[in-house]
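This report goes through one protein chain: its overall build, its charged pairs, one pocket, and a few single residues.

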Amino acid sequence: GGHLAGELLAVTTQTQLAHIPYKGNAQALTDVLGGQLSFTFDTVVTATPHLRSGKLRGYAVTGPRRAPGLPDIPTMEELGYKDFVVTQFQGLLAPAGTDPAILSRLHEEVVKAARQPDVIQKLQTEGGNEIVAGTPQEFARLIQEDLQRYRKLIADAHVQAE
């Protein structure tokens, strides 16, 4: 996600950025905090403690709305970067062909859990994640839309698999 956000920034601003590959974002964040990197795109969950302590400065979030736990940080679109949306999400997936009754029950229980005050506190308030408990059909549509958007970005940015 961070790599694609960087590529989108380069394509959107028509600039060249040096992509420095990391096995995960933890080391990239450490290198930003240590001054070895100028910036990185990180998740709200892992960046928030550093933002709140003042060790890190947040310029923008890449979601369509401001992060609930970081209301003072604008979106990329608010800063003038039209259609600059890169999100990461978690979801529950099941094998193709799973009985619809089982899928319905799983969805019901996940939505019930997502509405619990302690879950909202931990994920949305503390972690800055927006909780969206849409239907399985909405989730499938989101996955397909993201795949199409990222395919186009990868082609436009000439990203090669390494």
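## Overall build

From the N terminus on, the elements of the chain follow the order α-α-α-α-α-α. The model is a predicted one. In total the chain has 6 helices and 0 strands. Its C-alpha trace spans about 50 × 40 × 30 Å along the principal axes. The chain has 162 residues, of which 25% count as buried. Among contacts between residues at least 6 apart in sequence, 46% join residues at least 24 apart.

## Salt bridges

Side chains of opposite charge can pair when their charged atoms come close. The count for this chain is 6 salt bridges. The table gives three of them.

| Salt bridge | N to O distance |
|---|---|
| E78 and R66 | 2.9 Å |
| K82 and D83 | 3.5 Å |
| D146 and R149 | 2.3 Å |

What does the salt bridge between E78 and R66 tie together? E78 lies in the loop between α3 (44–53) and α4 (100–114), and R66 is in the loop between α3 and α4, so the pair ties together parts that are 12 residues apart in sequence. E78 counts as partly exposed, at 48% relative accessibility. R66 is partly exposed, with a relative accessible area of 36%.

The salt bridge between K82 and D83 has a different setting in terms of accessibility: K82 and D83 are both exposed.

D146 and R149 belong to helix α6 (residues 136–157), where they are 3 residues apart, and therefore separated by about one helical turn. Is D146 buried or exposed? D146 is buried, because its relative accessible area is 5%, and the cut-off for buried is under 20%. R149, at 32% relative accessibility, counts as partly exposed. Elsewhere, R105, E109 and K112 are joined into one network by salt bridges that share partners.

## A buried acid without a salt bridge

E7 is placed in helix α1. E7 is buried yet has no salt bridge. How far away is the nearest side chain of opposite charge? That side chain is K152, at 13 Å from E7. A salt bridge needs the nitrogen of Lys or Arg within 4 Å of a carboxyl oxygen, so a separation of 13 Å does not qualify. Leaving aside neighbours within four places in sequence, the contacts of E7 are H19, L153, A157 and V159.

H3 is also placed in helix α1. H3 is partly exposed, with a relative accessible area of 29%. With neighbours within four places in sequence left aside, H3 is in contact with H19 and V159. H19 and V159 are thus contacts of H3 and are also among the contacts of E7. The C-alpha atoms of H3 and Q36 are separated by 17 Å, and the two residues are 33 residues apart along the chain.

## The second largest pocket

Rolling a probe the size of a water molecule over the atoms shows where empty space is left. The second largest pocket has a volume of about 500 Å³. It is lined by 22 residues, and the closest to its centre are G2, A18, H19, I20 and T40. Which helices each supply at least two residues of this lining? They are α1 (2–13) and α2 (25–33). The largest share of the lining, 5 residues, comes from α1. By type, the lining divides into 10 nonpolar, 10 polar and 2 charged residues.

H19 recurs here: it is one of the residues closest to the centre of the second largest pocket, and it is in contact with E7 and with H3.

## Positive phi angles

Most residues other than glycine have a negative phi, and most peptide bonds are trans. Two residues of this chain are described here against that background.

D83 is not a glycine, yet its phi is positive, at about 60°. D83 lies in the loop between α3 and α4 and is exposed, with a relative accessible area of 53%. This is the D83 whose side chain meets that of K82 in a salt bridge.

H158 likewise has a positive phi of about 60° although it is not a glycine. H158 is found in the segment after α6. With a relative accessible area of 64%, H158 is exposed.

Notes. Residues are numbered from 1 along each chain as its sequence is written. This is a predicted model: local features need pLDDT of at least 70, side-chain atom pairs count only at pLDDT 80 or more; totals for chains, interfaces and linings use all residues. Side-chain values use heavy atoms; hydrogens and water are left out. Helices (H or I, at least four residues) and strands (E, at least two) are DSSP runs, numbered from the N terminus. Buried means under 20% relative accessible area, exposed over 50%, partly exposed in between (1.4 Å probe, protein chains only). On a 1 Å grid over the protein atoms alone, a cavity is a set of points where a 1.4 Å probe fits but cannot get out, and a pocket is an open set with protein on both sides within 12 Å along at least five of seven lines; lining residues have an atom within 4 Å of a point. Grid points are joined across faces, edges and corners, and a volume is the space filled by probe spheres set on the points. Ala, Val, Leu, Ile, Met, Phe, Trp, Tyr, Cys and Pro count as nonpolar, Asp, Glu, Lys and Arg as charged, and the others, Gly among them, as polar. Lys and Arg count as positive and Asp and Glu as negative; His and the chain ends are not counted. Contact means heavy atoms within 4.5 Å.
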